[in-house]
Amino acid sequence: MKTRMNAFAVAPDALQPMVEFSKKVEALGLEPRLRELVKIRSSQINGCAFCIHLHTRDARAHGETEERIYLLDGWRESPLYTERERAALGWTEALTLVSQTHAPDEDYAALKPHFTEEEIVKLTLMIGLINVANRLVLGFRLIHPVTPRSEAA
């Protein structure tokens, strides 16, 4: 795979509002580990290696375990995730695959016992942002950093 262009270098003024909005959404108060699980799961669905690399690193920095990161793709079958996380992950999948799911009522209803309406708005914004980021990264074919160990593998 070859990078098509570095959109951040080509049009920084066009992307700066998204960067600023992303920082504001990050500061809205959802717990960091939940934020990173949502970003990883959306990036897995979209096949965005760059964002998976970035957000698994960030998840570890926030205390997430390797086991929960490795099993995230199978969260429905694993007892390692809380009911709040399950609701968020279900909503993440529903919105990331919105052309297929049309955001079903049952996925929205699953949020209600675990999130306030304000938190649902914040979560939905976060899911939208990671999907935009995935599309930018995939569209321009940005390549994640490669560590020396990865190069030898």
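Here is a short chat about some contacts in this predicted model.

Me: What should I know about the model before we start?
Reply: It's a predicted model, where local features need pLDDT of at least 70, side-chain atom pairs count only at pLDDT 80 or more, and totals for chains, interfaces and linings use all residues. Residues are numbered from 1 along each chain as its sequence is written, and side-chain values use heavy atoms, with hydrogens and water left out.

Me: Why is Cys51 in no bond with the sulfur of Cys48?
Reply: A disulfide needs a pair of cysteine sulfur atoms within 2.5 Å. The sulfur of Cys51 is 3.4 Å from the one in Cys48, so that's too far for a bond. A search of the whole structure finds zero disulfides.

Me: What makes Cys48 count as buried?
Reply: Buried means under 20% relative accessible area, exposed over 50%, and partly exposed in between (1.4 Å probe, protein chains only). Cys48 has 0%, so it counts as buried.

Me: How do you know that Arg33 and Glu64 meet in a salt bridge?
Reply: The rule asks for a side-chain nitrogen of Lys or Arg within 4 Å of a carboxyl oxygen of Asp or Glu. Here the N to O distance is 3.3 Å, which fits. Arg33 sits in helix H3 and Glu64 in the loop between helix H4 and helix H5, so the pair ties together parts 31 residues apart in sequence. (Helices, H or I of at least four residues, and strands, E of at least two, are DSSP runs numbered from the N terminus.)

Me: Why is Arg33 called partly exposed?
Reply: Its relative accessibility is 31%, so it counts as partly exposed. Glu64 is buried, at 6%.
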